[in-house]
Amino acid sequence: MGERIDFRDGRWVVPDHPIIPFIEGDGTGPDIWRAARRVFDAVVEQVARGKRRIEWLEVLAGEKAFKQLGTWLPEATLDTIRTHRVAIKGPLTTPVGGGIRSLNVALRQVLDLYACIRPVRYFEGVPSPMREPQKLDVVIFRENIEDVYSGVEYKAGSPEADQVIAFLTERFGAKIRPGSAIGIKPMSKFGSQRLVVKAIEYALRAGRRSVTLVHKGNIMKFTEGGFREWGYEVARERFGDRTIPEADAGVGKRETDKVIMKDRITDAMFAQLVLRPEEYSVIAAPNLNGDLLSDAAAAQVGGLGLAPGGNVGDGYAVFEATHGTAPKYAGQDKVNPGSVILSGAMMFEELGWDDVATAIGRGLGGAIRSRRVTYDLARLMPGATEVSTSAFAECIIEHA
Ligand code: NAP
């Protein structure tokens, strides 16, 4: 019998037989979920030798929910995920023009999943546009609620935009061209600091050397600049004995065992990740910066095909593949299950099953090195043998 995962005093309480809800997803979702589940169960069995096992619980969303229940996102799905706290999902179709809420948005809001976490690292053998892609190994913590996700926008020429312009001009002497579109991005100390706290806690737990705050504070002094200031402040106040600002670490004192707190302006950070990737480890960024950086970093190590993701709050977490449903390949047992498998590895790491996470990473790395890979990698790797989704999963298990 499975048991629920709990969260007490800021920590996950994970039974040996946790119940984990899953959404298999639309399009190729069932193909990759089947393969991923096979890998998760086999690796847990290998590592824990029967002592631990996952009780998977299917919840419906997307096309499957619509066909069976007439709704794209049943309330029961949200309730089950809330009750069980940790879930994993495949990609879902976003119906064009439909008035439905996106599941990701709903989950983010209902469970307050304020950190979007994207680890980006290289797997040997994956074709990359970089000469030394292995030097990039970062975990990006992107704020998931505020900034442009809470943005308020008014169309150019609308009464709302005109009134906001009139108000700002008359009351505060702002200079705004009449007829402009207006956008407001709110960023709070509370929202910024809890994200930075998550990034620092992760760096400490994972033995990572630095946390870099990425911001555009030279131009947006109070929102992006606030993110930088609040980040350093919470590092000093809550982790003063375990972190040190880069300015105080100094050249030649690099052997410090404290986590070094750095900050970089967004545009410079893009250049740094290309030119000196080895100097960065954990990155904490506001919503838009984090969004841009995550995809750019993933491209450096060979694209989005293998990029995992997790949306994490306090006591709630949902992990997912970062690609879409690739509907033209649905049911062909053809596409790469790597992204959802690595999302599972992230989930196990978050829950403290590091042994399982490590074995999954090892298995995927070994499968790619063996050059028996799915079509997307095979077409780019000279001499590789193309295998099906399910055969690739078996190959991962063999190498775990
Ligand atoms: P997509 O499903 O990501 O597919 C675009 C292309 O990426 C595919 O044609 C394929 O390239 C490649 N690809 C995607 N997944 C792959 C995999 N597992 N293995 C190998 N190659 C893979 O993007 P889309 O066509 O723009 O979106 C399709 C649907 O997915 C839409 O309804 C969209 O809204 C939804 N979507 C959902 C999520 C989510 O749920 N998280 C995210 C993004 C999009 P080739 O054609 O070159 O082989």
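This is a short talk about a ligand site, a pocket and an aromatic pair in one structure.

Okay, thanks everyone. One caveat up front: what you see is a predicted model, so keep that in mind.

Let's start with the ligand. It has 20 residues around it, and the closest are Thr94, Gly324, Ala326, Tyr329 and Tyr375. If you sort that shell by type, you get eight nonpolar, seven polar and five charged residues. As for secondary structure, β15 and α13, which is 375-378, each put at least two residues into the shell.

Now, which atoms sit 2.7 Å apart here? That's an oxygen of the ligand and a polar backbone atom of Ala326. Then there are two side chains to look at. Lys328 has a polar side-chain atom 2.8 Å from a ligand oxygen, and for Arg379 the distance from a polar side-chain atom to a ligand oxygen is 3.0 Å. On its own the ligand would expose 880 Å², and the protein buries 65% of that.

Next up, the second largest pocket. Its volume comes out at about 680 Å³. There are 34 lining residues, and closest to the centre you'll find Lys89, Thr94, Ser102, Asn104 and Glu320. Yes, Thr94 again: that residue is also on the list of the closest ones to the ligand. Which elements give two or more residues to this lining? Those are α4 (103-111), β6 (115-121), α10 (287-300), β14 (308-312) and β15 (317-321). By type, the lining splits into eleven nonpolar, 15 polar and eight charged residues.

Last thing, the aromatics. The count is twelve aromatic pairs. Take Phe40 and Phe348: their ring centres are 5.6 Å apart and the planes sit at 80°, so we call that pair edge-to-face. Phe40 is in helix α1, residues 29-48, while Phe348 is in helix α11, residues 338-350, so this pair ties together parts that are 308 residues apart in sequence.

That's it from me, happy to take questions.

Note on methods:
Residues numbered from 1 in each chain as written. Predicted model: local features only at pLDDT ≥ 70, side-chain atom pairs only at ≥ 80, totals over all residues. Heavy atoms only, no water. 1 Å grid on protein atoms, 1.4 Å probe; cavity = no way out; pocket = protein on both sides within 12 Å on 5 of 7 lines; lining within 4 Å. Points joined across faces, edges and corners; volume = space filled by probe spheres on them. Helix = DSSP H or I, 4+ residues; strand = E, 2+ residues; numbered from the N terminus. Nonpolar A, V, L, I, M, F, W, Y, C, P; charged D, E, K, R; others polar. Near = heavy atom within 4 Å. Polar contact = N/O pair within 3.5 Å; in protein donor to acceptor, adjacent residues only side chain to side chain. Areas by Shrake-Rupley, 256 points an atom, 1.4 Å probe, with all protein chains shown as cover. Phe/Tyr/Trp six-rings, centres within 6.5 Å; stacked < 30°, edge-to-face > 60°.
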